[in-house]
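Please open the model in your viewer and keep the selection tool at hand. The stops below go from one part of the fold to another, each beginning with what to select.

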Amino acid sequence: MAATNTTTQTVAAGMELAVDTSSASPDDAAAKAVTKRYEGLAMVRTKAIKGKGAWYWAHLEPILVHNTDTGLPKAVKLRCALCEAIFSASNPSRTASEHLKRGTCPNFSTASKPISSPSPISTSLPNSAPPPPPTSHHNPRKRSSSSAAASGSAPTPSYSVPLQGIVDPNRFCGGELTYASAVTTTVLTQQPHLMLSGGKDDLGALAMLEDSVKKLKSPKTSPGPTLCKSQVDCALDFLADWVYESCGSVSFSSLEHPKFRAFLNQVGLPAISRREFTGSRLDAKFEEARAESEARIRDAMFFQIASDGWKSKNAGGIGEDSLVNLTVNLPNGTSVYRRAVFVGGSVPWKYAEEVLWETITSICGNAVQQCVGVVADRFRIKALRNLESQNHWMVNLSCQFQGFTSLIKDFSKELRLFKDVTENCYKLASFVNNKSQVRSSFQRYQSQEGGYAGLLRVPSMRDYETLNFGPVYVMVDDIVSSARALQLVVLDESYKGVSMEDPTAREVAEMIGDVAFWNELEAVHSLVKLIKDMAQEIEIERPLVGKCLPLWDELRAKVKDWCSSFHIDEGPVEKVIEKRFKKNYHPAWAAAFILDPVYLIKDISGKYLPPFKLLTPEQEKDVDKLITRLVSREEAHIALMELMKWRTEGLDPVYARAVQMKEKDPVSGKMRIANPQSSRLVWETYLTEFKSLGKVAVRLIFLHATSCGFKSSWSLMRWVSANGHSRVSMDKAQKLIFIAAHSKLERRDFSCDEDKDAELLALVNGFD
């Protein structure tokens, strides 16, 4: 080899090795150069591990890659010892900065990373004692050749050495602060820990300082992932969809959060502006969603309007403002969003009627007969009935979810049991919360029994006096769940001392020790939970009008079992249920129950006949009256004749079984109708001889019995309450709600993100 082959330059600086190519082939020369580079990197890594090099060599390992054909070395690579990733060996320092410091490596911990592998340096004042002499012949900070050391010049700090040395703690603790005009840097031997004036919190800042110096020395930064324009546009579209569908749960300001911008940069996306997401992009998404909604409505022959939000469900939470959602239910079982109406305070029924009629005419113009009817959570007696009387073809229903939840209020007002339990629980909870000695004892036993401690949630005086049972039920639920802790409190010695002085304490103790109190409490709690569970199922399932009568029959059966279990007189309870049933009842319940093939009953002859025998005589008359009202006068007698034929002949058994075929729902595990649209389709395709009755059936059996649909977030309503007088703000809110509702209805997602989060946290707490 020539003389030039014996001279190698510093490998860590990344300079090439000179190789004599006069006596070897190009492949051999390249292989030797690669081998020498590998050996140089291996030598640098070995020294670094011993404390004489950069920190990152503890995690990066040079490897030699061979040519599969010739077997000769062809390249040198760096392998991460933590995650086995392979990198180019051209610039180890840059590789360490990008892969380790910036968090790309999943197994690298920044907190445990050494800030600098060489021994730290110390700054000493001129008057301080000289440092101890080095214990070894070699200075661990030296990385230059021996000739540099022999020249007597001070060692030059390399990049891997921290620019800030150890700060003497005595300098800032006690005595007068002294500032030296000249500070000399002395190299010490290896020290176990780096001491900084700010403690461990300074390590992160020191790492950032090293990064800044490195960037200034090597201004070329490594490019992140490169995405083409179509990929960027697609990713931003998905991001916009998510932000809009959250409908206020994700703040637009969070798009400009530094951490979120860092995330976008990490995945190769450009920074985005909240103005863009509330401006042109919002307008484009709204126009797209509205066009899809209009197209679906045009394809349908008729529709139903669902109006939800007239009855505020969050009174006191966000003031008096509420959001009324107007949705269009189509015959094919889908729903599309129409508009949002923001109302505040008390709303007159005439205003609700005008809003509903304006919504109908905005969809179908003068062809108002395309609107089969309306289902709403309020104004059944006036607005809905008035619209129905003026338009004979309309069937306007009250929401069944609202009807079931109103039943709880009926019980609290009319059943003596509810009043007694409410009064006793209010007295007990108020006493425990207000008596400090009893409260401390109660919370101690709470922690022992349930692992938590807190006050019993007591309703406000206004809720208590107006018999608002929502907050009362929360109090009842708290007392039921804290029953064991309360019983232990009255047995505690400290409580006996309190009861000797306070007659209320003796009364509460007698109450807690009375078995009848707990039986009545459990009875009320059980009945309310029964109704709440049924109402929640109605909200999720969104039953059609034909399901109304079976739902109320199911409620009666469950309440009858409840009366038997708790030895409650059935008379007063049944009276309350019947009163609420009559308030909610509509003749369309009975008619749809008779005309929907899902409810046909197989008789002894094998025929599938409508369930007339399950109706009362009054309900049978209601069926005749409703059908004759929904057809023209000329068709009335024909429709009744066809109804008699339907009553006696029913549906072909094969078609009836096909309509009633069920399958297991993969999510809930319940058995459901396999094809819900078959009830309507069998009237349109097979039962064609029922011309007049068939027209009534297809317009009737698809009607929804609930107005439940899109749920807005609390954050959006707070924003609306604060900006309700701004036309621009309300316009943006309308568009945002429309986009979110359109997407959720398309996925048949009727839940709310806040409710999902509450369920998740409750589930986690349950496991804890």
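**Stop one: strands and a crossover**

Select E9, helix H10 (residues 380–390) and E10, which together make a right-handed β-α-β unit; helices (H or I, at least four residues) and strands (E, at least two) are DSSP runs, numbered from the N terminus, and right-handed means that, with the strands pointing away from the viewer, the path from the first strand over the helix to the second runs clockwise. This is a predicted model, in which local features need pLDDT of at least 70 and side-chain atom pairs count only at pLDDT 80 or more, while totals for chains, interfaces and linings use all residues. Residues are numbered from 1 along each chain as its sequence is written, and side-chain values use heavy atoms, with hydrogens and water left out.

Narrow the selection to strand E9 (residues 371–376), where six of six residues are buried, that is, under 20% relative accessible area with a 1.4 Å probe, protein chains only. Add strand E6 (residues 303–308), which pairs with E9 in the parallel sense over five bridges, pairing requiring that DSSP finds at least two bridges between the strands; here Ser307 has Ala376 of E9 as its bridge partner. Then add strand E10 (residues 397–398), which pairs with E9 in the parallel sense over two bridges, with Leu397 of E10 as the bridge partner of Val375.

**Stop two: a buried glutamate**

Select Glu642 next, in helix H24 (residues 633–649). What lies around its side chain? A polar atom of the Glu642 side chain is 2.7 Å from the backbone nitrogen of Leu693.

Note on methods
Polar contact = N/O pair within 3.5 Å; in protein donor to acceptor, adjacent residues only side chain to side chain. Buried < 20%, exposed > 50% of the residue type's maximum accessible area, 1.4 Å probe, protein only.
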